[in-house]
Amino acid sequence: MIAKIVLLLISIGSLLTAGAVKFIGDEKEIVFVKIVILTFISFVSLTVFFIKSKKLQDFLEKERVNKIIIILFSIGIISFLAISFFLHNKDGNYVADITLDSVSYFTQAKIFLTGHLNVPSPKLKDFFTTGYCINDGKYYSKYFPGWPLILAGGLSLGIPWIINPIFGFLTLLVVYLIGLEIYDRDTGLFAAVLLLFSYLFYFFTPSYLSEPTVLFFSSFFFYLMIKTLKEPKTVTSLSAGFCLGIIFLIRPLSAFAVSLPIMSYFLYTSIFDKKKNTIHFGITVIAFLPALFLLLTYNYYQTGSIFLTPFQYYNPFDSLGFGLRSPDIFIEPKSYTFLDALKNLVLNLALLNLESVLFLFLFLSFVIINKKNKWDVLLLATIFSVVFIHMFYFFRNTRYYYAAFFGIFLLASRGINLSDIVFKKYLPNIPVKNLNYFILLFIVMANIFITFSPQKILNRIGMIEQLRDPFSIVKNRNLTNSVIFLKSVPEKYNNISYYVQNPLNFDGEVLFVRNLGERNIELMEYYPEKKFYMYEFDRKERLGKLTVLK
């Protein structure tokens, strides 16, 4: 009894300590090591406790765990809607977020709502230049048009903050359906609940980033391809091509990486399989072609060349391959080598053990060492394709693997469900049951401690409130007919681009512009009827202040 209590205390203590670890500065890798070690200690301690406790094994029977999962789903979905609302319900015409991508997407969505692809740049464009937006006589986002078009729908309804949560919840359903189609109900259910309580799902779903839509359409594309390969039908092959086209309009590289393995297999079966899928392969390709045409046309109207994307036009150093690379035109390019690619690969794969499924590679190994079917191989190939292709992109971040998360979570869930078999194979003399349910609930509980604790959710909401400070001050003071020069801002790198957000005619009640020092007089003379203020953010006091300019 004492031994069990000690094991329980060690497990709880380690998990609480892991939850208290904070990300400090840019030492993400160090934080990762701390959290993984602490959670692994907790996992091992609690697993030994579980093996020794027959009552706990009996308690975690299937029907009871299914009820727990339903409760977890209900709490999770309500929580995500609430988090997204509290993060973004105050946005209005201004976006406050920790990524500049969101601001750029939001800007293009507003442009689309005007019925145009771009708007004319302002006369004094240097004051309005902002990161991730092109301002060369035409003003528009550098990003591909797919996600801003979808986001524009939410903007038109006045609820843009709900779009990504809807796609996130639909993804959970599709992931479950894939598991049900190629494995069993438990695998699909496990994958969905693990995805719901994963770090990156929490990070992306209540945001304006494109990842949730890409994951949904990637998952749905894969599901439709499964249905087509099992029983070819025009409706499924046509829908699969349409889904692939949407992914292509949002993130072309993700579309290529996700589709390459299963489309290659589809082509192979079209040629050699007795089912003769050639017609349906052709239907899928034809259904994809309008998206290709749309993107080429979009490129032409924005950059003047069908083959030059706004992304490439904005920053030629932000591309695949080795050489000089830079994430923004404001940042000096640095060399990216094959060794850098290997380093990025290792660190990204390591981080997946925290940001996707805890101890991911342990559960993937259970799949690899057991008998595999063709769906295991196709999912593994999809993950490999996405990971390998993004080796050639210089920026290190697991977000680029997000399009393949349906495969990662399904295989991890399959591995968890194989854990009883693996345990009995290597430790046959130790009786244990319901180990898969125990592992599932541990991972969910660990993620709640590490990522979803009420304090951390409140911290995230508080951080966004802090980032919103320049917009909040203006709103609280009821300023009108004003220009705000931005000298320093709450964003941690003092990136002014986050706050240069304005009406698309650049002549609204309040304009947020760059502080160009002596050149400010040019703008003041251009808008003689407006009042002028200087915004500065004090990092020590964590407060912003407005000073009247005369």
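**Exercise 1. Which residue in β8 does I484 stand opposite, and how is the surrounding sheet built?**

The model is predicted, so local features need pLDDT of at least 70 and side-chain atom pairs count only at pLDDT 80 or more, while totals for chains, interfaces and linings use all residues. Residues are numbered from 1 along each chain as its sequence is written, and side-chain values use heavy atoms, with hydrogens and water left out.

Step 1. I484 stands opposite Y533 in β8. Strands here are DSSP runs of E with at least two residues, helices are runs of H or I with at least four, and both are numbered from the N terminus.

Step 2. Strand β6 (residues 482-486) pairs with strand β8 (residues 531-538) in the parallel sense, over 5 bridges; two strands pair if DSSP finds at least two bridges between them.

Step 3. The order β7-β6-β8-β9 describes an open sheet of 4 strands with mixed pairing. Because β7 (510-514) and β9 (543-549) each have a single partner strand, they stand at the edges, and one side of each is left without a neighbour in the sheet. From one strand to the next the twist averages 30 degrees.

Step 4. Helix α22 (residues 469-476) packs on this sheet and touches β6, β7, β8 and β9, contact being heavy atoms within 4.5 Å. The direction of α22 makes about 55 degrees with that of β9, where axes are lines fitted to C-alpha atoms, for helices over the stretch in contact, and angles run from 0 to 180 degrees between N-to-C directions.

**Exercise 2. Describe the aromatic pair of Y132 and Y143 and its setting.**

Step 1. Rings of Phe, Tyr and Trp (its six-membered ring) pair if their centres lie within 6.5 Å, and planes under 30 degrees apart count as stacked, over 60 as edge-to-face and the rest as tilted. By this rule the count comes to 53 aromatic pairs.

Step 2. Y132 and Y143 form an edge-to-face pair, 6.0 Å centre to centre with 85 degrees between the planes. Y132 lies in the loop between β1 (119-120) and β2 (133-135), and Y143 in the loop between β3 (138-141) and α6 (146-157), so the pair ties together parts that are 11 residues apart in sequence.

Step 3. Both Y132 and Y143 are buried, which means under 20% relative accessible area, with exposed over 50% and partly exposed in between (1.4 Å probe, protein chains only).
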